[in-house]
Amino acid sequence: MKLFLKLGWIIVALCLVGSSGLAQQPHSGVPSGKTAPGSYNIANDVSLQGTVLRYTENSATPPIGTHVLLQTSSGNVDVHLGDARLLHLAKLNITQGWNVRFVGQMDTAGSNPVFLARLVQVGAQVVAVRSERGFLLSRGATRSNKALHANLPANQGGAR
């Protein structure tokens with residue numbers, strides 16, 4: 001058993017050393033000034049505004065989670081919002097026919113284009129659903145979600 005544990009730690013150490021060596025190599029395959037495919041750069045964020053055609057809280061369509069089919073002046077767009085529980089916690093309601101605004105970036109899920117929303121705005125209420133690096137926020141991340149705290153009553157904001 002001890003031999004197995006020692007072997008496991010050696011493998012972990014080799015993986016860490018190998019991955020840190022790879023991280024220090026120059027990225028010869030990525031042209032300078034451009035981001036790697038699949039990475040999120042906040043400088044590329046765009047605003048998307050339109051009318052909600054359909055709101056699906058638990059869609060099985062990749063990426064899994066909350067989707068909004070948004071009608072814009074340039075066509076319909078599938079918008080991904082992540083976990084609906086975060087929207088519920090912020091008391092943000094999205095209803096068919098409402099005019100909403102999203103800030104984020106277009107990407108693809110499989111072969112389907114999808115808009116990855118980072119901020120959701122309904123009226124004057126704004127909620128962050130992704131970090132500035134594009135990672136989905138969760139209910140547990142609400143303490144650091146300033147946009148979410150701005151929408152909560154004082155007795156529901158958690159410890160500060």
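Here are some notes on this predicted model, with confidence first and the fold after that.

1. Ground rules: residues are numbered from 1 along each chain as its sequence is written. In this predicted model, local features need pLDDT of at least 70 and side-chain atom pairs count only at pLDDT 80 or more, while totals for chains, interfaces and linings use all residues, and side-chain values use heavy atoms, with hydrogens and water left out.

2. Confidence: pLDDT (the predictor's confidence in each residue, from 0 to 100) averages 77 over the protein, with 63% of residues at 70 or more. Among the elements, strand β2 (residues 65-72) has the highest mean, 97, and helix α1 (residues 2-24) the lowest, 49.

3. Weak stretches: residues 3-7 stay under 50 in pLDDT and have zero contacts (heavy atoms within 4.5 Å) beyond four places in sequence. Residues 152-160 also stay under 50, but there the model has seven such contacts.

4. Layout: there are three helices and six strands, taken as DSSP runs (H or I, at least four residues, for helices; E, at least two, for strands) and numbered from the N terminus. The order from that end is α-β-β-β-α-β-β-β-α.

5. The hairpin: β5 (residues 112-122) and β6 (residues 125-128) run antiparallel, joined by four bridges; DSSP must find at least two for strands to pair. Q121 sits opposite V126 in β6. Two residues separate the strands, and G123 in the turn has a positive phi of about 65°.

6. Packing: of the 160 residues, 31% are buried, meaning under 20% relative accessible area (1.4 Å probe, protein chains only). Among contacts between residues at least 6 apart in sequence, 47% join residues at least 24 apart.

Key: Buried means under 20% relative accessible area, exposed over 50%, partly exposed in between (1.4 Å probe, protein chains only).
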